[in-house]
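I am starting a notebook on a structure that is new to me. The entries below record what I looked up and what I found.

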Amino acid sequence: MRGCAILAEVHPPYPEWIEAGRTDEFVFVTDLSATLLEMTGTEHPGTSYQGRDVFPITAKSLLPFMRGESSHHRSQDEWVGYELMGNSAVFKRDYKAVRLAAWLQTFGVPETEVWKLYDIKEDPSELHDLSEQEPALLSQLTDHYQDYSTAVGIIGMPADFNPLKVITG
């Protein structure tokens, strides 16, 4: 689960909203939903919509940052948790703690189920694990991940999980 950096262009409907520019600020894909809601003046429906439960948005609108109202998209204290098929990550400013799922061993991936720490601004390819140099930071990030896991109700993957079996039956 290496880092992913993409070039993204934003063309707001009103050019006076945002001055053209470039940034290497960390943004998570879910931030787009919060940004689009704010840009369109649409309110999140709350806890239900048309009789169905709706999860709260945990993302943060990019508009204040894009308008120059803040120097960073997130404060020093804000973090983002992530989980997909047992792969886990938490991001905080320039750092990412990541733990790969055990099922990846089936495909020859070493060192799964171990938290690693990367400075994704200085090391976007995630080649230099900082876990030993920054154990306190890694501990802080994994604590944030536990908070995220509890808040969203992550259910662990079965020990024998294999995505190929899911696809092929």
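How many bridges join β5 to β6, and do the two run parallel or antiparallel? I found 5 bridges between β5 and β6, and the two strands run antiparallel. I note at the outset that this is a predicted model.

**Entry: the whole chain**

I counted 4 helices and 6 strands in the protein chain. Read from the N terminus, the elements come in the order α-β-β-α-β-β-β-β-α-α. The chain has 169 residues, and 32% of them are buried. I also looked at contacts with a separation of 6 or more: 50% of these are between residues 24 or more positions apart. The exposed area of the protein chain is about 11,700 Å², of which carbon and sulfur atoms supply 55%.

**Entry: the sheet**

I then went back to the strands. β5 and β6 belong to an open sheet of 4 strands, ordered β3-β4-β5-β6, and the pairing is antiparallel. At the edges I found β3 (80-84) and β6 (115-119), each of which pairs on one side only. From one strand to the next the twist averages 15°. Helix α3, residues 135-152, packs on this sheet and touches β3, β4, β5 (95-99) and β6. The direction of α3 makes about 115° with that of β4.

**Entry: pairing, strand by strand**

As background, strands of a sheet pair through backbone hydrogen bonds, either parallel or antiparallel. I went through the pairs in order.

- β3 and β4 (residues 87-92) run antiparallel and are joined by 5 bridges. I looked up E83 and found S88 in β4 as its bridge partner.
- β4 and β5 are also antiparallel, with 5 bridges between them. F91 has K96 in β5 as its bridge partner.
- For β5 and β6 I noted two positions: K96 stands opposite Y118, and A97 stands opposite L117.

**Entry: β6**

Which residues of β6 point one way, and which the other? W115, L117 and D119 point one way, while K116 and Y118 point the other way. In a regular strand the side chains alternate between the two faces of the sheet. I checked burial too: 5 of the 5 residues of β6 are buried, so the cut-off of under 20% relative accessible area is met by each of them. β6 is thus an edge strand that is mostly covered.

**Entry: turns and loops**

Most residues other than glycine have a negative phi. I looked for positive values and wrote down three cases.

- β4 and β5 form a hairpin with 2 residues between them, and R93 in the turn has a positive phi of about 50°.
- M85 lies in the loop between β3 and β4, and its phi is near 50°. M85 is partly exposed, with a relative accessible area of 34%.
- E111 is in the loop between β5 and β6, with a positive phi near 55°.

**Entry: a surface patch**

Which residues form a nonpolar patch on the surface? I found F107, L164, V166 and I167, with about 420 Å² of accessible area together. I looked at V166 separately. V166 is found in helix α4, residues 163-168. Why does V166 count as exposed? The relative accessible area of V166 is 59%, and exposed means over 50%, so V166 falls in that class.

Conventions. Residues numbered from 1 in each chain as written. Predicted model: local features only at pLDDT ≥ 70, side-chain atom pairs only at ≥ 80, totals over all residues. Heavy atoms only, no water. Pairing = 2+ DSSP bridges. Axes fitted to C-alpha atoms, helices over the stretch in contact; angles between N-to-C directions. Contact = heavy atoms within 4.5 Å. Buried < 20%, exposed > 50% of the residue type's maximum accessible area, 1.4 Å probe, protein only. Areas by Shrake-Rupley, 256 points an atom, 1.4 Å probe, with all protein chains shown as cover. Patch = residues over 30% accessible without salt bridge, like charges linked within 9 Å, V, L, I, M, F, W, Y side chains within 5 Å. Salt bridge = Lys/Arg side-chain N within 4 Å of Asp/Glu carboxyl O.
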